[in-house]
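Subject: The structure you asked about

Hi,

Here is the structure, as promised. Have a look at it first, and my notes follow underneath.

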Amino acid sequence: MVKRSLRASPAGIQRAKRAFALKGWTQDNLSAEVNLKTRQPIWRLFTGQPVDRQIFMEICQVLDLDWREIAKDPPAGFLDPGESLKPHPLTVDELVMKLRSQHRDTIQHQCGILQLLDISHPVNIDDIYVDVNILEAVANQQWLEVTDLNNLAPTEFDRVGLGHVNSPQTPGVEAVNIHGKLRVLGKPGVGKTTFLQYLAVQCNNGEFAPEQVPIFIVLREFAEACRHQNGFSLFNTIHQSLITAGLANPAQLETLLNEGRMLVLMDGMDEVPNQDITAVIREIRAFSDKYHRNQFVVSCRTAAQKLALRGFTDVEIAPFSESQITTFVQKWFVALGKTATPQGQAKAAEFVEKLDLPENWQFRQLVVTPLFLHLACWVFQGEGQFPSKRTAFYKQGLDLLLGKWDETKGVERDDVYRGFLLPQKMRLLSQLAAVTFEQGQYFFEQRTIEHYIEDYLQNLPGARLEPEELQLESEAMLKAIEAQHGLLIERARGVFSFSYLAFQEYLTARKIVATHNLNALEQALGGLVDHITDPHWHEVFLLTAAMLRSADSLVQLMKQEIDALVAQDPHLQDFLMWASQKSQTIPAEPKLATTRAFYLALARSPHTADQFALASTLDQGIVLDAALENLLLKFAIDHSQNFAFANACSEALNNILVMVLDAGFYKSLQQLKDQLPASHQGQERLQSWWQDNYPVWVEQLKGSIAQYRNIHHPWQFSPEQEQVLKRYYDANQLLVDCLNSNCEVTASIRQEIEATLLLPQKELEDREWQAN
């Protein structure tokens, strides 16, 4: 059998390099002359590695060399490119070489360029493609319990059903090498089509399956063409695509198929109209069974995997890892950022750095797929940051999934939505999101979500469906939402969720805001505020505030609910009163509310307050109080046997004394410091004094600090009060986050809320009385 690849001999390499040098070209120039998309075959020839035979011969021809003199052990009797053929039948290898050469431009045109969303020019696939990984365990074939899933933290939500970090993953090309018949599943925008195009281009360039002829078939176009021809035939379709490459005789195609010399890539099984899908699947099964020695790869959305293909192994494209996200971003800003390479790399680094910030974890949920990562890069390129109002980004994402993505690809889906237009689809999805989120159902059983769909349909104007019709309609709608838009997906067998928690949160907020009646809106906002201490609702509050035309009512209701959390506990009210009075002894900068927040935190968590003081203010009183609390915190551990600790106390008091302005306090601290034995008095005396006087000395220090600085009081909160304080503090932080989220709030209401944050009930009532 004639070799399918050639390698240069050591002497041939030297001759080739001399000829190359005489041309005065770069490897890029030589690649262009041979019509290659990559320099790798040039490099392989110059390093003595195997090169696709046809490419090897063409490189030699361009360099004015006889390929037989360059090759190591050249096959006898093989023709040069362009040499007139003798009238004998081509061998299979010769036929493959001929077709690969003459079909190359077609594949390159069909698969080598991408048209990205909202980008006005085509992009070379090599400039943007990132190697994908494959999950061999398909998510919705797992058995998982709904109750276990609903206990996940929000940040863990999106990892379920998308391939946990511990799930085995295989590089995409390796998976194709392992399985002769492979069906690649994935959510919308995860890169299924691009992966198949990449395989075609790699085969075209001899980097993958160099002994096969690549064929790329868009299945919806195949179905449409065959419908007009009154017959579904992959054989005829492949033959037609190769006629221009010189394959006029169908018998030659039969030979190639029987020898297993075709790489057949079929894209978009889920995009085939319902009227054709049965015939298309039947033809794929029959064709792949008959010509089983060839390589077959089919792509399909995960939701449509029930369209079974006998003999095919189902795998799923894994979400992007952090390293894949970084690689994609770097390529995007260099290839599409409209800047020079260094500036593009700098922009990419800035994107990745900001993406890693804690406040952007919702964006990290979405950008694990190329579609949303591209959208995020596009927005970042225009604005220089992630949108401060995430609502706009989420709306763009939903618009993509609800139609724009299919529209961009020219896909028409079967209508099973009872004629729903986009606003009606949004209302349905908002209703489903709100009712499930209200119940704490981030994951739900199939029949549960179908019941919710039935409830929605029953309340439509003029709805007159019998129970059986209603059930069938709800089942069909769930399948459509999953298969067409990927907004609801099957995470495990019979267990569904929204594809992204961010979309469930956004749609829940949208349901609240879309209430047109003023009384109903107030009621909806009141229902939202009932969840103010539930961390799962944090994002819904922020999204609702951002979407409301006026967020005055919402922030006022939040303030009332927050104050009510501690209103009935006298001990907590005393605590707030102390913080208020203490904050009034500090100058106006920072704001009183900020100072109150500091002292509340200081009393409950000195370490946190200390960091806050050092980072957020230059007021000497606040820094002094933080330093004193930090010192007293060290006495929480008994150091009576550690006499060396006396030296640390002396040094700490020296640092504190320079900040003390009050003469009485200074004198008190100096006296306490003077009681400590000097370090030169000897270890025995120091140890004796420390053991005898340590407890009394510490209590004197605490008393002096409490007297002069009014801090470090023994509040002794119960565990229940600690929990209430945490909820109270977190809810106030949420209110501040809403005010800082670019929401529309009247200036007077904003000022009043900011001025009264963390105040005790008595001072709130006094302010209200003064205002009236």
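Before the details, one cut-off: a residue is called buried here when its relative accessible area is under 20%. By that rule phenylalanine 380 is buried, because its relative accessibility is 0%. Please keep in mind that this is a predicted model.

First, the overall picture. The protein has 772 residues, and 50% of them count as buried. It is built from 36 helices and 14 strands. About 36100 Å² is exposed, with carbon and sulfur atoms supplying 50% of that area. If you take the contacts with a separation of 6 or more, 74% of them are between residues 24 or more positions apart.

Now the aromatics. The structure holds 30 aromatic pairs. One of them joins phenylalanine 333 and phenylalanine 380 edge-to-face, with 6.3 Å from centre to centre and 75 degrees between the planes. Phenylalanine 333 is in helix α15 (residues 322-335) and phenylalanine 380 is in helix α18 (residues 370-383), so this pair ties together parts that are 47 residues apart in sequence. Phenylalanine 333 is buried as well, because its relative accessible area is 0%.

Another pair worth finding is phenylalanine 372 with tyrosine 500. Their planes are at 90 degrees and their ring centres are 5.5 Å apart, so this pair is edge-to-face too. It links distant parts of the chain: phenylalanine 372 sits in helix α18, while tyrosine 500 is in the loop between β14 (495-498) and α23 (501-513), 128 residues away. Both phenylalanine 372 and tyrosine 500 are buried. Tyrosine 500 also has the charged end of lysine 187 over its ring, 3.8 Å from the ring centre.

Going back to phenylalanine 333 and phenylalanine 380, these two belong to one aromatic cluster together with Trp332, Phe351, Phe363, Phe386 and Phe393.

On to the cysteines, since you may be wondering about them. How many disulfides does the structure hold? The count is 0. Cysteine 738, for instance, is in no disulfide, and the nearest cysteine sulfur, which belongs to cysteine 743, is 6.5 Å away. That is not a disulfide, because the two sulfur atoms would have to be within 2.5 Å. Cysteine 738 counts as buried, because its relative accessibility is 0%. Cysteine 226 is buried too, with a relative accessible area of 2%.

Next, have a look at helix α6 (residues 92-111). This helix has a kink of about 50 degrees, centred on histidine 103. His103 is itself buried, and the other buried residues in α6 include Asp93, Glu94, Arg100, Arg104 and Gln108, along with Leu95, Val96 and Ile107.

Last, methionine 266, which lies in strand β9 (residues 262-267). Is methionine 266 buried or exposed? It counts as buried, because its relative accessibility is 0%. Leaving aside residues up to four places away in sequence, methionine 266 touches Leu196, Ile217, Leu219, Leu234, Ile284, Phe296, Val297, Val298 and Ser299. Methionine 266 and valine 218 are 48 residues apart in sequence, yet 5.9 Å apart in space from C-alpha to C-alpha.

That's what I have for now.

Cheers

Methods: Residues numbered from 1 in each chain as written. Predicted model: local features only at pLDDT ≥ 70, side-chain atom pairs only at ≥ 80, totals over all residues. Heavy atoms only, no water. Phe/Tyr/Trp six-rings, centres within 6.5 Å; stacked < 30°, edge-to-face > 60°. Helix = DSSP H or I, 4+ residues; strand = E, 2+ residues; numbered from the N terminus. Buried < 20%, exposed > 50% of the residue type's maximum accessible area, 1.4 Å probe, protein only. Lys NZ or Arg CZ within 6 Å of the ring centre and 35° of its normal. Contact = heavy atoms within 4.5 Å. Areas by Shrake-Rupley, 256 points an atom, 1.4 Å probe, with all protein chains shown as cover. Bend = angle between axes of the 7 residues up to and from the residue.
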